[in-house]
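Please look over the sequence and the model shown below before reading on. The report that follows moves from overall dimensions to the interior and then to the surface.

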Amino acid sequence: MLFFLSVLFAVGTREFLTVQNLINNVAKNSAFLLLVALAGTFPILQQSIDLSVESIVTLTGVLTVVLISEYQLGLLAIPIAIGAGMLAGLVNGVVFTKLKVPSFLVTLGTLSVMMGVALIVTGGSTITFRNQAIRNIATGTWIPGIPNLVMWGLLIYGATVFLAWRTKFGRYCFALGENERVVELAGAKVDRYKIYPFVLSGLLCGTAGVLLTLRISSASPNIAGGMMLPSIAAIVMGGTALTGGVGGPHRTILGVLVIAVLQNGMNLLSINPFVQEIILGVVVVSAVAMSIDREKIDVVK
């Protein structure tokens, strides 16, 4: 699908295959979606789901602006905001495991709670800050030719791939998705390893919220609007099964690139934004349908 779209837009527009477009538009604009999709990958790997990713991005973004503009905390605002994201993930994980509430219900509830908090803090409007030195963390180019956003996205992508394939945490994520009962019989502390993916999700969403806020030096209740569904679509298109145990963050980037290339190509072709939404939905369903191995599926519900 990614190859087909790339060829299609390369033929249809002169600008698509330029270095400037691929780095400054495709790669740079997909960095946030990549972080949110990576955040959602680990809960799905263990056969859970985190629907609160969008609200964590929003809340940590709002918190970043408040800490910089009202409390003058400067760089200290960044770890505090990311820590708040991890705390939100911890709450999701603890309620999910200790109270035995399905993860989609827990995260759907906390999504509403966090969006409500963001609305109260901002009063429903946009809040801003002025600190160019801090903004450079997201908007600068510490390595010539590579925007910092792209660099952060690649660094975090590499870290999540390492976590998934080279650590006990990653192995348990796959094992829990394949057969939780076997992991229990092996004597592992299952609850602990079911909470960790939500904490990691909060950390990555918090990072996305901070970077997004620094890039535009403002935050609002709809700053991350519409991120949840594309992130889940990217995870599934990349090859991580919603039934858990298969795929991983190394494949999520493929789904993110499909969506990023599609959106960029449609913009270059000046397709109506409303029509773009329709096309995006059709392509997402088609890509998922083509990626499924139907011989391994007996029943679809």
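## Overall build

With 301 residues, a compact globule would have a radius of gyration near 19 Å, and the protein agrees with this because its own value is 19 Å; the radius is taken over C-alpha atoms, and the globule rule is 2.2 Å times the number of residues to the power 0.38. This is a predicted model, in which local features need pLDDT of at least 70 and side-chain atom pairs count only at pLDDT 80 or more, whereas totals for chains, interfaces and linings use all residues. Residues are numbered from 1 along each chain as its sequence is written, and side-chain values use heavy atoms, with hydrogens and water left out.

The protein contains 13 helices and two strands, which are DSSP runs numbered from the N terminus (helices H or I, at least four residues; strands E, at least two). Further totals are collected here.

| Property | Value |
|---|---|
| Box filled by the C-alpha atoms, along the principal axes | roughly 55 × 50 × 35 Å |
| Accessible surface of the protein | about 14800 Å² |
| Part of that surface belonging to carbon and sulfur atoms | 65% |
| Buried residues among the 301 residues | 50% |

Accessible areas come from the Shrake-Rupley method with a 1.4 Å probe, and for residues only the protein chains shown count as cover. Buried means under 20% relative accessible area, exposed over 50%, and partly exposed in between.

## Interior

The largest nonpolar core, a set of buried Ala, Val, Leu, Ile, Met, Phe, Trp, Tyr and Cys residues joined through side-chain atoms within 4.5 Å, has 75 residues, and Val57 and Leu214 have the most contacts inside it. Helix 2 (residues 19-45) gives the most to this core, with 13 residues. Apart from it lies another core, of five residues, including Leu176 and Tyr193.

Leaving aside residues up to four places away in sequence, Val57 touches Val36, Cys205, Ala208, Gly209, Leu212, Ala224 and Met227, where contact means heavy atoms within 4.5 Å. Thr58 is found in helix 3 (residues 53-69) and counts as buried because its relative accessibility is 1%. With the same sequence neighbours left out, Thr58 touches Met115, Ala118, Ser220, Pro221, Ile223 and Ala224.

## Surface

Ile80, in helix 4 (residues 77-98), is partly exposed because its relative accessible area is 37%. Together with Tyr71, Leu73 and Leu76, Ile80 forms a nonpolar surface patch with about 380 Å² of accessible area. Such patches are made of residues with over 30% relative accessible area and no salt bridge (a side-chain nitrogen of Lys or Arg within 4 Å of a carboxyl oxygen of Asp or Glu), with nonpolar side chains (Val, Leu, Ile, Met, Phe, Trp, Tyr) joined within 5 Å and like charges within 9 Å.

Methods
Buried < 20%, exposed > 50% of the residue type's maximum accessible area, 1.4 Å probe, protein only.
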